[in-house]
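This report describes the pockets of one protein chain and then the sheet and helices around them. The sequence and the structure are shown first.

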Amino acid sequence: MTSVAYELAQVNIARLKAPVDSPQLKDFVDSLDPVNGDADSADGFVWRLQSEAGDATDIPVFGDDWLIINMSVWRDANALTAYMYQGRHREMLARRREWFEKLQEATAVLWWVPAGHRPTVAEAEARLLHLRTNGPTPYAFTFRTSFPAQSAEPVALEVPDGLGCSV
């Protein structure tokens, strides 16, 4: 019997308070390349979603021009957590309310993927909607309520209408 190795996928979305090219978002935009470079070289980093521009700010999510997406794959939750709460990324987290609206529904979700799988935006949207509908499950979970990779079997999901992003 062979075991499938898993990696941890994460996505988070944010609603911009101003256009990406506005003075209000200048510090955020100027920090993207250095912070993404930190991620790329972090222990346990596997992959991140990016467009030709090298980041994901121009990749559509939920059909909403004011939402931006960050999606990546990591060796495990410890590697992701170590990156998130140190250095430049930690500094950006501390300033997120300057740049992004506070949304009422879940904006981040984690899930296990088979090693080598690169999730799509549609897959990330489905996982996030599943979390919003059902709370944390092995299919879509949070740091606070996580599940082991062995429970990463696919599940059927039905997502009700009206689960977009409201401020």
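In this predicted model, the lining of the largest pocket comprises, by class, 28 nonpolar, 9 polar and 8 charged residues. That pocket has a volume of about 1,300 Å³, and of the 45 residues that line it, the closest to its centre are Asn 12, Ile 13, His 89, Leu 93 and Ala 108. The elements that contribute two or more residues to this lining are the strands β1 (6–15), β2 (45–48), β3 (67–74) and β4 (108–114), together with the helices α1 (26–40), α2 (77–84), α3 (87–94) and α4 (96–99).

The second largest pocket holds about 160 Å³ of space. Its lining consists of 13 residues, and those nearest its centre are Leu 16, Thr 57, Asp 65, Trp 66 and Leu 67. The table sets out the lining of each pocket by class.

| Pocket | Nonpolar | Polar | Charged |
|---|---|---|---|
| Largest pocket | 28 residues | 9 residues | 8 residues |
| Second largest pocket | 9 residues | 1 residue | 3 residues |

How are the strands ordered in the sheet? The sheet is open and has 4 strands, which follow the order β2-β3-β1-β4 with antiparallel pairing. Its edge strands are β2 and β4, each of which pairs on one side only, and the twist from one strand to the next averages 25°. Strands of a sheet pair through backbone hydrogen bonds, either parallel or antiparallel. Between β1 and β4 the antiparallel pairing extends over 7 bridges, and Gln 10 has Leu 110, in β4, as its bridge partner.

Two helices can be described by how they pack on this sheet. Helix α1 touches β2 and β3 as it packs on the sheet, and its direction makes about 140° with that of β2. Helix α5, which spans residues 121–134, also packs on the sheet, where it touches β1, β3 and β4, and its direction makes about 125° with that of β4.

As for the confidence of the prediction, the mean pLDDT of the chain is 89, and 87% of its residues reach 70 or more. Over residues 154–160, however, the pLDDT is below 50, and this stretch has 9 contacts in the model beyond near neighbours in sequence.

How values were computed. Residues are numbered from 1 along each chain as its sequence is written. This is a predicted model: local features need pLDDT of at least 70, side-chain atom pairs count only at pLDDT 80 or more; totals for chains, interfaces and linings use all residues. Side-chain values use heavy atoms; hydrogens and water are left out. On a 1 Å grid over the protein atoms alone, a cavity is a set of points where a 1.4 Å probe fits but cannot get out, and a pocket is an open set with protein on both sides within 12 Å along at least five of seven lines; lining residues have an atom within 4 Å of a point. Grid points are joined across faces, edges and corners, and a volume is the space filled by probe spheres set on the points. Ala, Val, Leu, Ile, Met, Phe, Trp, Tyr, Cys and Pro count as nonpolar, Asp, Glu, Lys and Arg as charged, and the others, Gly among them, as polar. Two strands pair if DSSP finds at least two bridges between them. Axes are lines fitted to C-alpha atoms, for helices over the stretch in contact, and angles run from 0 to 180 degrees between N-to-C directions. Contact means heavy atoms within 4.5 Å. pLDDT is the predictor's confidence in each residue, from 0 to 100.
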